[in-house]
Amino acid sequence: VVVSIVIKCLKFSQKNKKKSQKREMGGCCSDIQGGQQAVRGGGGGGGGGRSYQQHHQQNPTTSTKSGVVEETTASNDAVDFFYRSQGLQALFTPLELSLSASKLLDRDILSKSDPMAVGYVKRKDGTLEEFGRTEVIMNTLNPVWIGKFSIAYQFEIVQPLVFRVYDVDTKFHNLPVESLKLKEQEFLGEATCVLSQIVTKQNKTLALKLQRKDGHGAIIDLGSLTVHAEEAISSRQAFEMIFHCTQLENNDLFSKSDPFLRISKIVEGGNVIPICKTEVVKDNLNPIWKPICLTMQQFGGKDNPLLIECFDFESSGNHKLIGKLQKSVADLEILYQEKAGANFLKASSVRHDHMKTLKGQLFVDEFCEKTMYSFLDYISSGFELNFMVAVDFTASNGNPRLPDSLHYIDLSGRLNAYQQAIFEVGELIQFYDSDKHFPAWGFGGRTTDGGLSHCFNLNGSPSESEVDGVNGILSAYSNALHRVALAGPTLFGRVINKAAQIASQTVSDNQRKYNVLLIITDGVLTDLQETKNALVKASDLPLSVLIVGVGGADFKEMEILDADNGKRLESSTGRIATRDIVQFVPMREVHGEC
């Protein structure tokens, strides 16, 4: 029974995410500030440091189109959990694909191309289903992308893959890659293969020709694409580190170097696979970078060698190597414990086969080992769900007495958007909660005392926020509309902090509970940074936040909070979220599927 409930819950989550899969391709923002931002790599189909939570898969195992069931290449965590709980083998092997290219066509006049790769699965009917995008790399014809594609290898199924490379126009460089319209980018070539061709290679690396057809149908070669596959490692371990360097070599004539670090793992056959890049620190020979978090899934093991390279950033894309060194995560931990530095090395200008030791050193200021738990970990180990709700009472919802208001209560019994969200999410989650007592709040309204509140108890009680069951939430919500005046602005920070307090208390009391906060809103968020701070702080707690957007507003801020682009949230102090705890769902897209 428990397994069935878990499967139902995860399938519900996948169903809600089906129409927003294009947002879930992964990938970091496409080179904000000309490639100077960090790329905290990782699996999940993109370049920006998605946390370990791989239960957020791109696609379900099967999808139905016109009544025909078709296989896809992504895993279904719910189905896999069911098989594992029965002691059976999983139906798939999760892989990560790393991509690089060489000798690309240069489409730019005054600089080089800015390439991005896109991966597709070719379905039986010949249509292409996108499953990943890399980050954009500026000014290079030989890109090595950090972003990875996650895909499930199924031995018994032929899995044709198509890879396309695009030159991204400069005017789109500040947009998340998943929002780019490919028809607006310059096509640089296409390569095709079958997944089994990659995995059967001795080093799991396959070189492909990038090609396109000219106007007469003739095939033109446009460089090469290399695809490397590795089995995704199931590990909950992660390591958060802060690096700084001293006495770096200055490569600039009229200023100082603009250093950044690139970290790569060394795999079988000596191949080097980039997994992470720090941000660029301008004009500084003693830089301190923001924290990075490396998961065991990225680097494979604490004793596996990592190549750490320090570059001087150049806007032309021809970054100058300052120095490099080879250390494992275990070695980095020793540097931290001993407060020692490691000298960079560089090939001698006289003898290129000889490495000279530089004055520049790498230091590890912080080293923290974390265990990263997914939603499925909590549920499968016997945790209950603690359901909480926060409802938007800002004036942008419209006068509740008028039929065009999002808060209008229809006497015929037809549910408004807020009631639909409460009922559909609460109806499912209540099965995981034994007492079915749910905290319920409102925000952005003026309560009976005339004061504006961004976290008030929905039931009107001055001290008690819990109501009895889903019907209790719906009743408290309806009654609140009669005594709370809609106001504003839209602030999430306080309700998230309130939910985090409850989650923290469950940890302190050793309660086996996982907390889910449902925020239902119609408007544009006005405390984005405060909300980010609250979410980053809460990312170590057993808490997830589901934001349901109702109405036709612009929900760009919600897309930022939902780290499906692979770039985890960052607080105002530079701390990176341990994991992605937010899922945004536009009600207008998914209500028909719920």
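Reader: Quick one before we start: what does "buried" mean here?

Author: Buried means under 20% relative accessible area, while exposed means over 50% and partly exposed is in between. Keep in mind that this is a predicted model.

Reader: Ok, then which residues of α7 are buried?

Author: The list for α7 is Ala417, Tyr418, Gln419, Gln420, Ala421, Ile422, Glu424, Val425, Gly426, Leu428 and Ile429. That makes 11 of the 13 residues of α7, so the helix is largely enclosed by the rest of the structure.

Reader: How far does α7 reach from end to end?

Author: From the first C-alpha of α7 to the last is 18 Å, close to the 18 Å expected for its 13 residues at 1.5 Å a residue.

Reader: And what caps the N-terminal end of α7?

Author: Asn416 does that, with a side-chain oxygen 3.0 Å from the backbone nitrogen of Tyr418.

Reader: Back to Ile422. What does it touch?

Author: Leaving out residues up to four places away in sequence, Ile422 touches Val389, Val391, Glu427, Val470, Ile473, Leu474, Leu518 and Ile520. Ile422 is also one of the residues that touch the most other members of the largest nonpolar core, along with Phe387, Val391, Phe393, Leu458 and Leu518. That core has 34 residues.

Reader: Which helices and strands supply at least two residues of this core?

Author: Those are β19 (384-392), α7 (417-429), β20 (437-443), α8 (469-483), β26 (513-521) and β27 (543-549). The largest share, seven residues, comes from α8. Another core, of 30 residues, lies apart from this one, and includes Val281, Leu325, Leu362 and Phe367.

Reader: Stay on α8 for a sec. Which of its residues are buried, and what covers them?

Author: In α8 the buried ones are Gly469, Val470, Gly472, Ile473, Leu474, Ala476, Tyr477, Ser478, Ala480 and Leu481. Their cover includes β19, α7, β20 and β24 (466-468). As for its span, the 15 residues of α8 should cover 21 Å at 1.5 Å a residue, and the end C-alpha atoms are 22 Å apart, which agrees.

Reader: Switching to sheets. In what order do the strands around β21 run?

Author: The order is β22-β21-β25, an open sheet of three strands with antiparallel pairing. β22 (452-453) and β25 (485-486) are at the edges, each with a single partner strand, so one side of each has no neighbour in the sheet. Between β21 (residues 445-446) and β25 there are two bridges, and Gly445 has Leu486 of β25 as its bridge partner.

Reader: What about strand β7, which strands pair with it?

Author: β4 (residues 115-122) pairs with β7 over seven bridges, antiparallel, and β8 (residues 186-194) pairs with β7 over eight, also antiparallel. Pro115 stands opposite Asp167 in β7, and Val162 is matched with Thr192 in β8. Six of the eight residues of β7 (residues 160-167) are buried, so β7 is largely enclosed by the rest of the structure.

Reader: Any odd backbone spots? Where is the cis peptide bond?

Author: The cis bond joins Gly488 and Pro489, with omega about 5 degrees. Pro489 sits in the loop between β25 and α9 (493-508). There are also positive phi values outside glycine: about 50 degrees at Asn139 and near 55 degrees at Lys204.

Reader: Is Asn139 buried or exposed?

Author: Asn139 counts as buried, at 9% relative accessibility; its place is in the loop between β5 (128-133) and β6 (149-153). Lys204 is partly exposed at 33%, in the loop between α3 (195-199) and β9 (205-213).

Reader: Last thing: what's the average pLDDT, and where does it stay under 50?

Author: The protein averages 81, and 82% of the residues score at least 70. Over residues 1-32 the pLDDT is below 50, though this stretch has 111 contacts in the model beyond near neighbours in sequence. Residues 43-79 stay under 50 too, with 134 contacts beyond four places in sequence. Where pLDDT is low, the predicted coordinates should not be read in detail.

Conventions: Residues numbered from 1 in each chain as written. Predicted model: local features only at pLDDT ≥ 70, side-chain atom pairs only at ≥ 80, totals over all residues. Heavy atoms only, no water. pLDDT = per-residue confidence, 0-100. Contact = heavy atoms within 4.5 Å. Core = buried A, V, L, I, M, F, W, Y, C linked by side-chain atoms within 4.5 Å. Buried < 20%, exposed > 50% of the residue type's maximum accessible area, 1.4 Å probe, protein only. Helix = DSSP H or I, 4+ residues; strand = E, 2+ residues; numbered from the N terminus. Pairing = 2+ DSSP bridges. Expected span 1.5 Å × (residues − 1). Polar contact = N/O pair within 3.5 Å; in protein donor to acceptor, adjacent residues only side chain to side chain.
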